[in-house]
Amino acid sequence: MYCSDGSRTLPNFNNLRPVYYNKGFAFFQTGERSNSFSVLNDNIFLFIHGGRDDTIKNILQDQAKNQSPITEKIKGKKDFIFFQLRNNRSLLEIHTDRFGRRSIFYMQYKGIIYFAPSIQQLFMVLPPSQRKISKEALYFSYHFRSTPTDQSLIESIKKIPAGYLLRCSDEKMEIQQYFDLVSLYKPEKFKNTKETELTNFINKALANEINRSINNSQNVGIALSGGVDSGLIAVHLALQKIPFKAYTFLYEEDYNELHRIERLSNNIDLNLTKIILDASTVLKCFSDANETGSEPVSFNASLLQKMISFCKQDGIQTFFDGDGADRLFFGMNAHLRYLKMGLLYQILSKVGLNKHAGKMLQKSKSGQWKQLGNLFENWSIGIKPYPERHYDINKAYDSRYEIDIFNKYILQYWKPFQDDFRSDDIRLYFAFQSIQMCPELFFYSAHEQFSQSGIENFSPFWNDNIVQLSLSIPQYWKTKQWRTKYILRKAGAQYFDPQYWIMPKIGLQNSLTYLVSDKIGRDWFREKCIAIEKTNEFNWLKEQGVAPKAERLIPFFEWKSSKKLEF
């Protein structure tokens, strides 16, 4: 290994600076709390994000016994970097974990390959003149509220998707997939499983993942909404007698779910911090998160800035949340609407009224009914409903436009699903696609915000056992009795108060909605939208046939404002 001054030395992983690995490779490190680094011999080294000390020891023991290659021990479980120099030839492999807990960006600039967990670190090398917005990524992010899995919003900066590795050897660079979700699809394993067996399976997997993630941490925190996901995590922390602090958001004189949390506290001890939000706080969080973020941060996600500030004061080291569980277990009311829509479409198709119904619904003044009409029209031309898409209800239906979006961005999910899963269940397809989009939707932004403060965050639902269950169980377990997350609710009810787990939940409202209810927020919002409508990006989207809404571009422009980017 060589530092930038050419001297052969071990890198200092605690500092934010470039470290060069042999000629042509460079890496930037953020200095997170729990990383493992080992020189296995003069020509091989291994660096593991979030690795315990015993991780390296086990790898070395396996290697000594010739039980498995060095990289097989941790492949898919951690992000890691493997470097080997042999006969003056270098091999560098950068592996992401299976489900994309953190982002890894890379670029090739002036003959050197740079990779880092943050775009800001790559900007230390990439001059402003080379920081051009990717139009393709902008188009995608407008429609799906996130960036593509393999591309950042900067043309020259790519991402390594979850379950992939970047291999650099002999001046060649290639991306390879090492993990496919279909490998977890085992419907025969759960075919005749009883409800209690499923809930036992979920609870055991969740308990094991929480225990594994603690990593001897003395200070544990949890985002507690009072809902099923966070409530179940809190239960397992309490059952394992792990002390923890809980944090919940309250909007000033507005949203709160304290009645649920109080009922939960009747069954487990809660050390609760109430974080009260006002318009000024929401604006500051939004600005701060986007200034340091590698990708645009939504209003709701940016509120983590405030939560993290409380966690730092309390010395929190490990933080849990339930992000992404909704996608694994059909947890939103919108999911139920899609399911009901599917049943209605099938009934209408049998009597030949599906096309007529679609056209009639499109004439409705109600946004939801109009969207339903667009979905019916799509279905009639072979495009079944798919998740995470934002539909412009004010835009006239255009089949060519819909086909283009489907072919560009959805076919990559839909075709392997048809080939490998051979199922018509919309719930299974929604889980399959959403799982692959969750890193950009939830994980990357949260991890980046927490890691900047030296805190490791986890969503313990994301492990092989629970993801396999989500994909493999008969999907009716997710929406039985027309309840969202039915089987998760039953998993919680194993421990106490079955009625608690079926209590109606408001769900954290969009903080933008709260913001514009305040005069300060309304004025800010109006000025932003007026400015956005005059931008090149807004006009370019119009030229592409989009009917853009300025408010949907606010996170992008807030993020862009501090980064000296060109369009």
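## Helix H11 and its surroundings

Let's start with a helix you can check with simple arithmetic: helix H11 covers residues 333–350, and at 1.5 Å a residue its 18 residues should span 26 Å, which agrees with the 26 Å between its end C-alpha atoms. Keep in mind that you are looking at a predicted model. The protein chain holds 22 helices and 16 strands, so there is plenty to explore, and the topics below pick out a few places to look.

**Helix H11 up close**

- Which residues of H11 are buried? They are His-335, Leu-336, Tyr-338, Leu-339, Met-341, Gly-342, Tyr-345 and Leu-348.
- These buried residues of H11 pack against several other helices: H10 (325–328), H12 (354–362), H13 (367–380), H15 and H17 (476–479).
- After H11 comes Gly-352, and the phi of Gly-352 is positive, near 70 degrees.

**A residue in helix H15**

- Helix H15, one of the packing partners of H11's buried residues, runs over residues 426–451 and includes Ser-434.
- Is Ser-434 buried or exposed? Its relative accessible area is 2%, and because buried means under 20%, Ser-434 counts as buried.
- Leaving aside residues up to four places away in sequence, Ser-434 touches Arg-327, Pro-387 and Glu-388.

**An open sheet**

- Five strands make up an open sheet with parallel pairing, and their order is S14-S13-S12-S15-S16.
- Why is one side of S14 and of S16 left without a neighbour in the sheet? Strand S14 (271–277) and strand S16 (456–458) stand at the edges, so each has a single partner strand.
- On average, neighbouring strands of this sheet are turned by 25 degrees against each other, with direction ignored.
- To follow one pairing in detail, look at strand S13 (residues 244–251), which runs parallel to S14 and is joined to S14 by seven bridges.
- If you find Tyr-247 in the model, you can then look for Thr-273, its bridge partner in S14.

**The chain as a whole**

- How many of the 567 residues count as buried? The share is 54%.
- Among contacts in the protein chain with a separation of 6 or more, 67% come from residues 24 or more positions apart.
- The protein chain exposes about 25400 Å², and carbon and sulfur atoms supply 47% of that area.

Key
Residues numbered from 1 in each chain as written. Predicted model: local features only at pLDDT ≥ 70, side-chain atom pairs only at ≥ 80, totals over all residues. Heavy atoms only, no water. Pairing = 2+ DSSP bridges. Helix = DSSP H or I, 4+ residues; strand = E, 2+ residues; numbered from the N terminus. Axes fitted to C-alpha atoms, helices over the stretch in contact; angles between N-to-C directions. Buried < 20%, exposed > 50% of the residue type's maximum accessible area, 1.4 Å probe, protein only. Contact = heavy atoms within 4.5 Å. Expected span 1.5 Å × (residues − 1). Areas by Shrake-Rupley, 256 points an atom, 1.4 Å probe, with all protein chains shown as cover.
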